[in-house]
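Here is a walk through one model, from a few odd backbone spots to the sheet, the core and the ligand site. Keep the structure open while you read.

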Amino acid sequence: MRIDVVTVFPDYLAPLQLSLLGKAQEAGRLEAHVHDLRAFTTDRHRSVDDTPYGGGAGMVMTPGPWGAALDAVLAQGPEGARPRLVVPSPAGRVFTQDVAAEYAADPWLVFACGRYEGIDARVLEDARSRYDVDELSIGDYVLFGGEVAVLVVVEAVGRLLPGVLGNAESLAEESHTGGLLEAPTWTKPAQWRGLGVPDVLVSGDHARIARWRRDESLRRTASTRPDLLARLDVDGLDRADLAV
Ligand code: 6GU
């Protein structure tokens, strides 16, 4: 997968090179390019924003540098390819594990990080002729800009790429695949600060352990995320689930 990020704060994206994402790049599963929007300005002050038409607080990012940057990024990829343009915005559709899985199947994602009060609306209108444009929010709160949201999305997507996560089972069992939160976990030592480990987990009875974990998942989801429980597909539940 190829990823391009256009931002006025390239340093903010440094974590893309670290840890598992850095390893994914070394292994050739992921190729990330960060572009400084100011490199596409043409005025002496390298300005990227101006006051909003119609008035109001704050500044709006001007279309000129954005148009040039998105043209340049498009020219760097494979000829004729149509990338997805992801625009982080609190006004976008909400990012979930399903959206991460959808993006993980894409060959090319381009992220346009807005700052201030957003980007002149004509930039996305114009980009739709060459990009599949997706405005995306990572939750119901407001950030200064899209950079941190890009890190969130790239990490969630990157770990779904084939060969990035060592253990495919950990993908299958984790929270939000299957709509339930994961059960709590324990490791050695068996006693710590006077606290032990649930007996069932040291019983060696794998069927009982699986049932116990599923019950804990259901209880945890019911207590902290009743909204997720309400969305569960009833056909996917068994008799024991319904008894919890
Ligand atoms: Cl994606 N961007 C900004 N600026 N604020 C946000 C957000 C994104 N998601 C939630 N709040």
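Arg46 sits in the loop between strand 2 (31-36) and strand 3 (49-50); helices (H or I, at least four residues) and strands (E, at least two) are DSSP runs, numbered from the N terminus. This is a predicted model, in which local features need pLDDT of at least 70 and side-chain atom pairs count only at pLDDT 80 or more, while totals for chains, interfaces and linings use all residues. Residues are numbered from 1 along each chain as its sequence is written.

What makes Arg46 stand out? Arg46 has a positive phi of about 50 degrees although it is not a glycine. Most residues other than glycine have a negative phi, and most peptide bonds are trans. Arg193 shows a positive phi of about 50 degrees too, and is not a glycine either; Arg193 lies in the loop between helix 6 and helix 7.

How open are these spots? A residue is buried if 20 or more other C-beta atoms lie within 10 Å of its own, exposed if 12 or fewer, and partly exposed in between, with C-beta atoms placed from the backbone. The table lists the counts for both arginines and for Gly77.

| Residue | Other C-beta atoms within 10 Å | Class |
|---|---|---|
| Arg46 | 14 | partly exposed |
| Arg193 | 4 | exposed |
| Gly77 | 16 | partly exposed |

The loop between helix 6 (168-173) and helix 7 (206-224) also holds Pro189. The peptide bond from Lys188 to Pro189 is cis, with omega near 5 degrees.

Gly77 is in another loop, the one between helix 2 and strand 5. Gly77 and Arg2 are 75 residues apart in sequence, yet their C-alpha atoms are 8.4 Å apart in space. Leaving aside neighbours within four places in sequence, Gly77 is in contact (C-beta atoms, placed from the backbone, within 7 Å) with Arg2, Pro83 and Trp108.

Now for the sheet. It is an open one of 5 strands in the order 2-1-6-5-7, with parallel pairing; two strands pair if DSSP finds at least two bridges between them. Strand 2 and strand 7 are the edges, each pairing on one side only. On average, neighbouring strands of this sheet are turned by 30 degrees against each other, direction ignored, with axes taken as lines fitted to C-alpha atoms. Strand 1 (residues 2-7) and strand 6 (residues 108-112) run parallel and are joined by 5 bridges. Val6 stands opposite Ala112 in strand 6.

Ala112 turns up again in the largest nonpolar core, which has 43 residues, and where Phe111 and Ala112 have the most contacts. Such a core is a set of buried Ala, Val, Leu, Ile, Met, Phe, Trp, Tyr and Cys residues joined through C-beta atoms within 7 Å. Helix 5 gives the most to this core, with 5 residues. Leaving aside neighbours within four places in sequence, Phe111 touches Val5, Val6, Val86, Pro88, Gly146 and Val150 by the same contact rule.

Which residues are closest to the ligand? They are Pro88, Pro90, Ser137, Leu143 and Ala149, out of 13 that surround the ligand, counted when the C-beta atom, placed from the backbone, lies within 6 Å of it. Strand 5 (84-94) and strand 7 (132-137) each supply at least two residues of this shell, and strand 5 gives the most, with 3 residues. By class, the shell has 8 nonpolar, 5 polar and no charged residues. Here Ala, Val, Leu, Ile, Met, Phe, Trp, Tyr, Cys and Pro count as nonpolar, Asp, Glu, Lys and Arg as charged, and the others, Gly among them, as polar.

Notes. Axes fitted to C-alpha atoms, helices over the stretch in contact; angles between N-to-C directions. Contact = placed C-beta atoms within 7 Å.
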